[in-house]
Amino acid sequence: MTYQERLDKDRMPSHVAIIMDGNGRWAKARGLERSAGHAKGVEVVKKLMEDSATLGISYVTLYTFSTENWNRPIDEVNTLMQLLYDNIDEELFIRNQARLHVIGDMERIPPFVMDKMNRCIERTRHFDRLHVIVALSYSSRWEITEAVRKISLKVASGELKADEISENTVSEALTTDFVPDPELLIRTGGEIRLSNFLLWQSAYTELYFCDTYWPDFNMEELCKAIYYYQHRERRFGLTGDQVEESIN
Ligand code: IPE
Ligand code: IPE
Ligand code: MG
C-alpha cells in the first residue's frame with residue numbers, strides 16, 4: 001500500500017509549511033552546477049502545488065529564499081531571482097484555483113520580480129481552493145522585529161495600551177496574520193533545524209525531517225510526512241489521558 005492510500009482523508013493538515021532544502025547537494029551529487037538543482041527544485045514546487053490541491057490541503061507555505069540567503073554568492077542570488085521570475089506561472093495557479101501570497105522583506109526583491117509576482121497575486125486573489133504562501137527574503141527574526149516595531153508605533157500613538165498586548169496582538173502583527181498556524185512542517189535535505197523559519201507560528205507544529213533532497217521530493221514523500229503527522233498525538237501541554245477524554 002502506498003502512503004497516499006494509507007492517509008486518513010478526514011484528518012488532513014490544513015496548513016503545511018516546507019523548508020525546501022538540498023538543491024545544491026542534489027546537483028553536486030550528479031556533477032552538475034547548483035543552478036541545475038534549483039531548476040529541478042522549481043519543477044518539484046509546481047508538482048507540489050498540484051499534489052497539495054489534490055490532497056485538499058488549504059495552505060502551503062514554501063521557504064523559498066531566506067534573509068540569510070542574500071549572503072550567498074551574487075551569481076547564485078541572481079540565478080535564483082531569475083528562476084523565480086521565469087516560473088511565476090499564472091496558468092498553474094488558475095488551473096488549481098490557487099491564490100498566491102508572498103511574505104518577507106519585499107523591499108529587497110528586484111522590481112522586475114516583484115512586478116510579475118504582484119500581477120499574479122492580483123489575478124489569483126479570488127481563488128481559495130489552495131493558498132500558496134511564498135516566503136521570500138523571509139526570516140522569523142526579521143518578521144518578529146517588524147511586528148515589535150508595528151506594535152510599538154501603535155502604543156506610542158495611543159492606539160493601543162501596553163497592557164492590552166496579547167498573543168493575538170503579536171500573531172496579528174506578523175506577516176502570516178491571514179493563515180492558521182501550520183499543523184505540519186517538513187524539512188527536506190537532512191538538516192534538523194528551522195533556519196529562522198516560522199519560529200512563532202510553529203510553536204506547536206509537528207516537525208518532520210527527511211533526508212530526501214528537495215529535487216527528489218514527490219507526492220509519496222509528501223504523503224509519508226502527512227502519515228507521520230496523522231500518527232502523532234497532539235497534546236498541547238495536556239496529558240495523554242486528558243486528550244483522550246476530550247475526544248470521547
Ligand atoms: C535550498 O537548497 C534552496 C535555497 C536555499 C534557495 P540549497 O541551495 O540550500 O541546497 P543545499 O543545502 O546547498 O544542498
Ligand atoms: C533554508 O535553507 C532556507 C530555504 C530553504 C529557503 P538553507 O540551506 O539556507 O539553510 P541552512 O543555511 O542550511 O541553515
Ligand atoms: Mg541548504
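Two strands are counted as a pair if DSSP finds at least two bridges between them. Helices (H or I, at least four residues) and strands (E, at least two) are DSSP runs, numbered from the N terminus.

This tour concerns a predicted model, in which local features need pLDDT of at least 70 and side-chain atom pairs count only at pLDDT 80 or more, while totals for chains, interfaces and linings use all residues. Residues are numbered from 1 along each chain as its sequence is written, chains are lettered from A and ligands numbered from 1 in the order in which they are written, and side-chain values use heavy atoms, with hydrogens and water left out.

**First stop: strand 5**

Select residues 184-187, which form strand 5. On one side lie L184 and I186, on the other L185 and R187, and all are buried. Buried means under 20% relative accessible area, exposed over 50%, and partly exposed in between (1.4 Å probe, protein chains only).

Next, add strand 1 (residues 15-19), which runs parallel to strand 5 and is joined to it by 4 bridges. Here V16 stands opposite L184. Then add strand 6 (residues 206-209), also parallel to strand 5 and joined to it by 4 bridges. In this pairing, R187 faces F209.

**Second stop: helix 4**

Select residues 74-86, the 13 residues of helix 4. Which residues of helix 4 are buried? They are E76, V77, L80, M81, L83 and L84. These residues cover an arc of only 160° around the axis (taken from the directions from the helix axis to the C-beta atoms), which puts them on the same side of helix 4. The face turned away from that side carries the exposed residues I74 and D75.

Now display helix 3 (34-55), strand 2 (59-66), helix 6 (111-123) and strand 4 (130-138), against which the buried residues of helix 4 pack. Contact here means heavy atoms within 4.5 Å.

**Third stop: aromatic rings**

The whole structure holds 9 aromatic pairs. Rings of Phe, Tyr and Trp (its six-membered ring) pair if their centres lie within 6.5 Å; planes under 30 degrees apart count as stacked, over 60 as edge-to-face and the rest as tilted.

Select Y63 and F197: their ring centres are 4.2 Å apart and their planes at 10°, so the pair is stacked. Y63 belongs to strand 2 and F197 to the loop between strand 5 and strand 6, 134 residues apart. Both Y63 and F197 are buried.

Definitions and conventions. The expected span of a helix is 1.5 Å times one less than its number of residues.
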